[in-house]
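Hi everyone, thanks for coming. I'd like to walk you through a structure today, so have a look at the screen.

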Amino acid sequence: MTRGIARHAKWIATGALAACVAAATPAAAATAPAVSCTSAKAGLADKLKRDITSAVSNRSGTIAVGLYDRTTKTTCTLRSSTAYDSASVVKVTVLATLLWDAKKHNRYLTDRESTLAKAMITKSDNDATSKLWRQLGLTKIKGFLTAAGMTQTKPGANGYWGLTQITVTDEQKLLKLVTAKNTVLSDNARAYILKLMGQVISSQRWGTPYGAGSGISWHVKNGWLQRSTHGWRVHSVGTFKGGGHDYMITVLTHGNGTMNYGITTIQGVAKVIHRDLAAS
């Protein structure tokens, strides 16, 4: 974790701040947005809305939440279209783009690509990500985003992939593609993405998996980045299956005083979601 943070710090110092893109999140409205939930299972939406609202109510910063459970047709959202600097969460998009492009050209990944992809996802390696980002280029990345219907995602300019603008809506779209058969990603590509997200090193297994029951399989990718505005961005996206449920969670945050504060916020949300679904 320390090594990852140091890499991010180095990355910021070498120019991320110079790209102070017009990526500012819209100013918060006078009235904070409310958690919205719907579900085919009686009582579940109300319970999730109440518990997620409680989990975020005493936390500082700006928090966005997305939940989708295929089994109970349950959806919860909070600030679903608010834009955040992606930090390392964008690495799942980079891998998906790489696999999507390889499929278009009817080829397997090279040994080099496989090595870089594994380092990028399992260790959140920034150098590996930069190499793949440069290799793909913005045209292919934007091509994948279009194919995936991720219309709210704006790739970072000038190679600054960590300043890509992401939203809960688009991250949830990506997780849905990764976890169910579709025409954008092949079955092998989906399995490969989930395999790597399930092999994340132990120090990076925080966030959305927190509170998941022992019988739940999980796949996660986290991101963390400190900048002069909005403090720490701390994000977590995860997919979960088991206990009669098939669901995915995205929590994006900024305005955290420390990285650990952001992690605690995310885990507070994840804990109540896992608990409520397990009890339903």
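I'll talk about a disulfide, then a pair of helices, and finish with one asparagine.

Just so you know, what you're looking at is a predicted model.

Okay, the disulfide. How many does a search of the whole structure find? Just 1. Cysteine 37 and cysteine 76 form it, and their sulfur atoms sit 2.1 Å apart. Along the chain, though, this pair links distant parts: cysteine 37 is in strand 1, residues 36-38, while cysteine 76 is in strand 3, residues 74-78, and they're 39 residues apart. The torsion about the S-S bond is about 115°, so this disulfide is right-handed.

Are these cysteines buried or exposed? Cysteine 37 has 16% relative accessibility, and the cut-off for buried is under 20%, so cysteine 37 counts as buried. Cysteine 76 is buried too, with a relative accessible area of 1%.

Now, the helices. We describe two packed helices by the angle between their axes and the distance between the axes. For helix 3, residues 90-104, and helix 4, residues 111-122, the axes come within 10 Å and cross at roughly 160°. Over 145 degrees counts as roughly antiparallel, so that's what helix 3 and helix 4 are to each other. Their crossing is left-handed.

Which residues meet there? From helix 3 we've got Lys91, Val92, Val94, Leu95 and Leu98, and from helix 4, Glu113, Ala117, Met120 and Ile121. Split by type, that's 7 nonpolar, no polar and 2 charged.

Last stop: asparagine 260, in helix 8, residues 259-278. At 56% relative accessibility, asparagine 260 counts as exposed. Asparagine 260 and tryptophan 232 are 28 residues apart in sequence, and 9.4 Å apart in space, C-alpha to C-alpha.

Note on methods. Residues numbered from 1 in each chain as written. Predicted model: local features only at pLDDT ≥ 70, side-chain atom pairs only at ≥ 80, totals over all residues. Heavy atoms only, no water. Disulfide = S-S within 2.5 Å. Helix = DSSP H or I, 4+ residues; strand = E, 2+ residues; numbered from the N terminus. Buried < 20%, exposed > 50% of the residue type's maximum accessible area, 1.4 Å probe, protein only. Axes fitted to C-alpha atoms, helices over the stretch in contact; angles between N-to-C directions. Parallel < 35°, antiparallel > 145°, perpendicular 65-115°, else oblique. Left-handed = near helix turned anticlockwise from the far one by under 90°. Contact = heavy atoms within 4.5 Å. Nonpolar A, V, L, I, M, F, W, Y, C, P; charged D, E, K, R; others polar.
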